[in-house]
Amino acid sequence: MISETKPILHIANLSVSVRGEDGEREVVSDLSLTLSRGETLCIAGESGSGKSMTALAIMQLLPQPAARISSGKIRLGDTDLVDLDERRMRRIRGDRIAMIFQEPMTSLNPVLSIGRQLTESIEAHTSLSQSEARQRAIEALKAVRISEAESRLRQFPHELSGGMRQRVMIAMALALEPDVLIADEPTTALDVTVQGEVLELLRDLQRQHGTSVILITHDMGVVAEMADRVIVMRHGRMVEAGRTSDIFARPQAEYTRELLAAVPRMGSGVGRQKSRDVETATPANVAEVKDLHVRFDLHGGFFGRVTRRVHAVEGVSFSIAPNETLALVGESGCGKSTTAKALAGLVPYSGDIVIGGRNLSGLGRDERKAVRRDVQMIFQDPYASLDPRMRVGDLVAEPLLIHGIASKEERSQRVAGLFERVGLSADQMELYPHEFSGGQRQRVCIARALALRPKLIIADESVSALDVSVQARVLDLLKELQREFGVAYLFISHDMAVVENISDRVAVMYLGQIVEMGTRDQVFSNPRHPYTRRLIEAVPVPDPGKRRSRFARLDQEIPSATRGIGEAPLKLALRDVGNGHLVAAEG
Amino acid sequence: MIAYLGRRLIQSLLILLGVSLITFALLYLLPADPVRQIAGRSATPQTVENIRQQLGLDQPFVVQYWRYLVKLISGDLGRSYIQRSEVTELIVSRLPASLLLMVGAILCELLLGLSMGLIAAVRRGTATDQTLMVASFVGVSAPQFVVGLLLLYVFAVRLSWFPIGGYGTWRHLVLPSLTMGILGAGWYARMMRSSMIDVLRQDYVRTARAKGLARRAILFRHALPNAILPVIAMIGIDIGIFMGGIVVVESVFGWPGIGQLAWQAIQRVDIPIIMGVTLVSAFAIVLGNLLADIIAPFIDPRIKLR
Amino acid sequence: MPVKPRAGVWRRLVRRRLALLGLVIVAIVVAGAVLAPWLTGYDPNEQMFDGLTIDGSPLPPDAKFWLGTDLLGRDLLTRILYGARTSLIIGIVANGVALLIGTLVGVVAGYFRGWIGSALMRFTDLMMAFPALLLAICLAAVFEPSLWIVAMVIALVNWVQTARVIYTETSSLAEREFIDAERTIGAGAPRILFRHILPHLLPTIIVWGTLGISTTVLLEATLSFLGIGVQPPTASWGNIIFENQTYFQAAPWLVFFPGAAILALALAFNLIGDALRDILDPTQRGRA
Amino acid sequence: EDAVDPNAKQGGAITITYKDDVATLDPAIGYDWQNWSMIKSLFDGLMDYEPGTTNLKPDLAESYEIAPDGKTFTFKLRHGVKFHNGREMTADDVKYSLDRVTNPKTQSPGAGFFGSIKGYDDVAAGKAESLSGVTVVDPYTVKFELTRPDATFLHVMAINFSHVVPKEEVEKYGADFGKHPVGTGAFKLAEWTLGQRIVFERNADYWHKGLPHLDKITFEIGQEPIVALLRLQKGEIDVPGDGIPPAKFQEVMADPEQKARVVEGGQLHTGYVTMNTTMAPFDNVKVRQAVNMAINKARIIQIINGRAVPANQPLPPSMPGYDKEYKGYAYDVAKAKALLAEAGHPDGFDTQLFAMNTDPNPRIAQAIQQDLAAIGIKASIQSLAQANVIAAGGDKAGAPMIWSGGMAWIADFPDPSNFYGPILGCAGAVPGGWNWSWYCNKDLDAKAAEADSVVDPAKAGERDKMWSAIYDKVMEDAPWAPVFNEQRFTMKSARMGGADNLYVDPVHIPINYDNVYVKDVQ
Ligand SMILES: Nc1ncnc2c1ncn2[C@@H]1O[C@H](COP(=O)(O)OP(=O)(O)OP(=O)(O)O)[C@@H](O)[C@H]1O
Ligand SMILES: Nc1ncnc2c1ncn2[C@@H]1O[C@H](COP(=O)(O)OP(=O)(O)OP(=O)(O)O)[C@@H](O)[C@H]1O
Ligand SMILES: [Mg+2]
Ligand SMILES: [Mg+2]
């Protein structure tokens, strides 16, 4: 599969350093690699190891003014990119090297139409006329399998779902058929079904155009699916490089072995939760949710009356016992986060939520504050959920401060302890959120959630952004805390492998309702609802030998949860198919 | 959209009603007696009383205000105490000039201010940046009367490029607009720089660079529309500030706008004119705010009219 | 590695050349205002016989009157020094209070969306549409003109624009996820508003605050003219300009020097503000 | 009929500028100095003044007769005088005009001038529509009967309020007659663009043959005086209506060419400080006299670049009745202090000095303030908009001292009585009145009435003496401190022609439009 031609991209002894409050620090050290035509090179490695920095260095787009290339060469064909002036570099960007960024949500310009953003780069690098460029853009959109490509051109980013935005990004990168495509975690933010599609697409395009791809990911399943060769990085250095099959079969470096061992696999995996007996619906349940509804009103009309409603959560009931982990899975937009927010008291709801025996509705201010202590939440997007103007140490200490726990010295000791617990060092307490990599930030969030030693932690996609080794460590940590303090988890994730590993029970959500719920083994080994089955099938397997030729594809868009007034959706009845395994009748 | 407009118009009307009530009340409380002014220096108490009665100024406040409102609805703003003309006529004759000046001034300040702010943000930290920021502060700190006279002296008297004041052709409009615009330009430059610096840090700007776009495309197509949003919100506010400066600029350039009318009325406590001008300018401000809110979604499609 | 002590804002401020320059200017102005009686041998209100030419013209700057004299034969330098007292109170205190009210109203209205928010914003809209000058005149008629009245009027009139801008920004900040995160750990509204939202508003507040200095100092002169502010012979930078602006050709020093003083003060605060904005914005670390 | 300047050329147009809006051109209503002389050119009255002087002459009247008791005036009207609409003016129009101006519905600020006409009280009270004292004898004769002898009556017949208007036009335009003036004057209104421009054009049918000289006068409105002067220097305009702004005065006078185009003249104006005689400590005459001695008038005149002469009595020097012998209170700080001590204020006292807020008035107030401080009186200044100062003055407890500049008394007509009634007499000392010193001396009121009943023109000198005595007496009580009499400096373009006194005409400000001409017409 690897074509043994002359390398198209050659990096020699690259070092990147960033300037912080206390001087310069290298975040990429002495990195060398080559990329051949038509090859897919995966860069894997733990969060904060310098993967994104390397990619940005190639593009000459390192964050200003903090970061700079301190030494090394980057050659594209015969051109050295490091010394190139901005004008010549501009001609290379987009045309010969294209990049897909880690954050699909923020990487598209919110005020320009999709069409504009697509055609402008075509117009910038070719002499095509406006209508020809438009045609090319439509083709590119069709290539990434966006339906109704022509009318999409007029739409704006916020009108598209996350997966579609990512596909637009890919279309943009591929429209000019670059020699090299750098994709930085292109699927992390997406749920399994969409991830499958995107990967499939990348492969397709590579096959057609012979593009060389650098794929940055921490998902070893993705690596196994996609890569020809793999580079493993740690602390800014390359620890191992080799062919995918070799690395998976015979990892040389200690760290690579650790990494592979940490990969969650369905049905196996080191940290896999033993099946436990969990007694449901005991009076001592940490949380009990009954017939939860959350609806968002959409206003319109002359007097701003409610005209339509989003039925985000429609009659969800479940309970979580102490020490138990309930996983909530489902596609983007099915209402998982909303359920979590209702529990955390962030959105108004109807129905009953009982935490530690106290019904949340009808509590006074002080009582509510006390209940808050028992329920903590870790958000989906770690960067967005940390105040960018506070030092992370202060952020973690804040819950203690608010609830008046511990003196000042004690507090900072406890925070330092928490930092170590989540795998950060105490001196990082002085840094600000933007000075961390994505994974490190998530650990800060976890440390903050743990600070109050809550009875229930709601983890909303909290480990999706983490590399496997850290993910494994965090999962371990969560389990450890569960053992130690009897914390219960509501674990929201789209990563079925992780869910399979950590959960005691699983609830599958679809369009605001639960369609299947049961113990982990019931749901995974005996999925009864077709929707559950499709979710499980979409999971990539971290084994290059079991590479699939095609992913299962979702053929229809997810139906909308928005309805007119008085058109409540049909309520699904759950049927017990044995031992508390609840399944909705197919509707 | 129509529904939104309707709702906003009703709100605006309520605001105007509030403005009229407060203004009327304040003027009612003012110690200067308009009747004495009308009656003149040699009036007998009898004459004063007669006039007071004729104007209905002997009525209680509520009655006076109610009468005013009733007339207002039919577009009658009353008759000036000093000038003795229909206030509506006075305002209508002067409004076009003020509106023209406003358009010219806003154009000037946007053109000047935005480009200064843009350049300063792009060249952040350089001497250019610092020079531009000093210039913008000079614009904000310079008294408009002096700026106007200076421009007039240099460009009209010395160089004869423009007429020394007056009203009529576009050449008359340039200097007054510029005088008004210099103040606003300072504000806009400062704000633009601030918001541009913010926008230039955003991910989508990085994306645009990664596409290999020309600098100009990045700045004008990607950054500018995002950075201009907070500036758009300023336009409503701007009209309010504008109403303050208009008095001076109009009198320097002999511009027949409502600023001069207002100023003379204030000096002489000509209450019907003060009321009329207040309502008209309040209306302009409300309209400006509405306009800013309506333009915003065209620039940022995420914004929904609610 | 031991945890390094946080370098104080003040220390980082004085390390920047431009910020230091700003601080020095402010210090000079404040010192000038406070020490005026010791810095000059003249009385600010004394109309000197030798301060005018025989036909009543003011004197240009010379060895005796460093910045010249005004139309009544008073020493301009002395008047500018004493005028700094008034202008500092207006430009900093009144402007500051306006900024404070505006920020408070904007933040509260932006954060509490319910009836409090709408009520506050409707009130702000009303105030914005209401002519400030009229309010000033009416107040002038009711109260004895004084510095504090004019300061109050300026504060009362100038908060509106700030409130509107801050409102817009707060409402978008309140949607950010980190605010939700704060709620889940039990943070109350005051904490969220002051510890988490306010710091993000700082750049805007700085821009409005520094621009406000010039405008308020000049506005004070207009209000004095209408009889609401400090009354002659009390000097303020604004009214020195205002009284003499028609003489800008005949006696340019009468407009230039007080104008330069206003500009210097506003610029100084701008330099400090700009530096503060960078220092307090952690994403700007590493910038020289 | 007075002669027409033989050098005058016929034709041409001039441009005059004003900062403020022209309020109204209705002669019954217009009462500021700016529309005052414009109205004089659009309308005529029975009497007028010889151009450039204060000498009365018959105008629409050909002749008049005063009955020996001084209570009946009979005017013979000129034949063939036509309104701008072409109709001939008759005695009915004279009567109509006076009925109209005294009718309260007209809201004329000048109605009070006609108080001596029989029937005035009934009309003012709304009880009658017509003045019983005015009779149309025949189309060219009109007779006035007065309730008391009134020496000022001929002047009253010359002021704008008595100018003759045509009934049909007044009724046609109603309240808007002021925007559509139709009179018998030398000019007629050709265009009025609100807020921008007013254009007068020559009345070809004017009864006074040979007048006016100009074809057209354009008044441009709304520009700062300082800019108007720049335009004059550039040759764009002919007369800056607001005069030479203080900031430009030195520059103009320093340039011989420009100085040559400046005409200087007296003015029926006095600038004074009023002291509220009902308010302590100004209820003490010694305090008031002390203030009179404390003010350094020379210094104040220096501050306004010498554009005035020191005043020591209410009347300006060009006014009949001015007492040349009277020395007034000399500037004497020591004596002022002594007087103050005698009055029981050896350490002075605190008070307030009100002034209008336009340059140079706040400056003059500050100079006065410093002078007062020298004798221990600490006066704080209230510099306010015109209307606010007027309001304070009309309130008995409002203002201890007012500097009159900017709102000061410019005579309505050149007669000594005009400086007494409303501003020094008891009639003006009422709430909302113009007697800001609240000085009320019943004795002097009686003497004033006596002087005004000396109607016989032959006894004019005697009457003037009586008035001099009254003002000397006023100065003894010192309710005012007269400061200066402002001089007028009118500047014109080089092409303007006509005698200098037309440019400082005491009743036409800024210039006498009917008699000036331009030199550059063919
Ligand atoms: N703007 C910045 N200022 C200072 N340090 C930074 C900045 N951005 C990143 N870093 C640091 O650079 C190092 C490398 O970051 P990079 O983003 O390349 O990690 P990554 O391998 O992409 O991790 P992840 O998988 O979590 O995205 C991290 O230690 C991070 O703390
Ligand atoms: N504030 C809101 N106003 C209106 N609609 C909302 C609001 N918040 C969420 N929704 C809608 O509610 C539905 C459920 O959203 P939710 O965030 O719970 O999905 P999710 O299952 O967490 O998806 P993802 O995996 O993408 O995070 C979506 O259709 C969403 O558009
Ligand atoms: Mg990364
Ligand atoms: Mg979610």
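Which residues of chain D form one aromatic cluster? The legends below take up this and other close-up views of a predicted model.

**Figure 1. An aromatic cluster in chain D.** Six residues form this one cluster: Tyr18(D), Trp33(D), Phe187(D), Phe200(D), Phe219(D) and Tyr513(D). Across the whole structure, a search over all chains finds 36 aromatic pairs. Two such pairs, one in chain A and one in chain B, are shown in Figures 2 and 3.

**Figure 2. A tilted tyrosine pair in chain A.** Tyr510(A) and Tyr531(A) have ring centres 4.6 Å apart, and their planes meet at 50°, so the pair is tilted. Tyr510(A) belongs to strand β19 (residues 505–510) of chain A, while Tyr531(A) belongs to helix α19 (residues 530–537), so the pair ties together parts that are 21 residues apart in sequence. The two partners fall into separate burial classes. Tyr510(A) is partly exposed because its relative accessibility is 22%, and a residue is called buried only under 20%. Tyr531(A), at 4% relative accessibility, counts as buried.

**Figure 3. A tilted phenylalanine pair in chain B.** The ring centres of Phe24(B) and Phe61(B) are 5.7 Å apart and the planes lie at 55°, so this pair too is tilted. Phe24(B) is in helix α1 (residues 2–29) of chain B and Phe61(B) is in helix α4 (residues 61–73) of chain B; the pair links distant parts of the chain, 37 residues apart. With a relative accessibility of 11%, Phe24(B) counts as buried.

**Figure 4. The surroundings of ligand 1.** Around ligand 1 there are 20 residues, of which Ser47(A), Gly48(A), Lys51(A), Ser52(A) and Glu435(A) come nearest. Sorted by class, this shell has 11 polar, 5 charged and 4 nonpolar residues. Oxygen atoms of the ligand pair with both backbone and side-chain atoms of the protein. A polar backbone atom of Glu435(A) is 2.4 Å from an oxygen atom of ligand 1. For Ser52(A), a polar side-chain atom lies 2.6 Å from an oxygen atom of the ligand. For Ser49(A), a polar backbone atom is 3.2 Å from an oxygen atom of the ligand. Ligand 1 exposes 640 Å² when taken alone, and the protein buries 89% of that. The elements of chain A that give two or more residues to the shell are β2 (23–36), α1 (51–59) and α15 (438–450).

**Figure 5. The surroundings of ligand 2.** Ligand 2 is surrounded by 13 residues, and the closest are Ser332(A), Gly333(A), Lys336(A), Ser337(A) and Thr338(A). The shell has 6 polar, 4 nonpolar and 3 charged residues. An N or O atom in the side chain of Thr338(A) is 2.4 Å from an oxygen atom of ligand 2. A backbone N or O atom of Lys336(A) lies 2.8 Å from an oxygen atom of the ligand, and a polar backbone atom of Gly335(A) is 2.9 Å from one. Of the 640 Å² of accessible area that ligand 2 has on its own, the protein covers 63%. In chain A, β12 (305–320) and α11 (336–343) each supply at least two residues of the shell. The largest share, 3 residues, comes from α11(A).

**Figure 6. Charged side chains over rings in chain D.** In one view, the charged end of Arg307(D) sits over the ring of Phe249(D), 4.2 Å from the ring centre. In another, the charged end of Lys492(D) sits over the ring of Tyr503(D), 4.5 Å from the ring centre.

**Figure 7. A buried arginine in chain D.** Arg463(D) is part of helix α16 (residues 460–477) of chain D. Its relative accessible area is 6%, so Arg463(D) is buried. The side chain of Arg463(D) makes a polar contact of 2.7 Å with the side chain of Asp452(D).

**Figure 8. The helices of chain C.** Chain C has 10 helices and 0 strands. Read from the N terminus, its elements run α-α-α-α-α-α-α-α-α-α. Taken along the principal axes, the C-alpha atoms of chain C fill a box of roughly 80 × 55 × 30 Å. The chain has 288 residues, of which 62% count as buried.

Note on methods. Residues numbered from 1 in each chain as written. Chains lettered and ligands numbered in written order. Predicted model: local features only at pLDDT ≥ 70, side-chain atom pairs only at ≥ 80, totals over all residues. Heavy atoms only, no water. Near = heavy atom within 4 Å. Polar contact = N/O pair within 3.5 Å; in protein donor to acceptor, adjacent residues only side chain to side chain. Areas by Shrake-Rupley, 256 points an atom, 1.4 Å probe, with all protein chains shown as cover. Helix = DSSP H or I, 4+ residues; strand = E, 2+ residues; numbered from the N terminus. Nonpolar A, V, L, I, M, F, W, Y, C, P; charged D, E, K, R; others polar. Phe/Tyr/Trp six-rings, centres within 6.5 Å; stacked < 30°, edge-to-face > 60°. Buried < 20%, exposed > 50% of the residue type's maximum accessible area, 1.4 Å probe, protein only. Lys NZ or Arg CZ within 6 Å of the ring centre and 35° of its normal.
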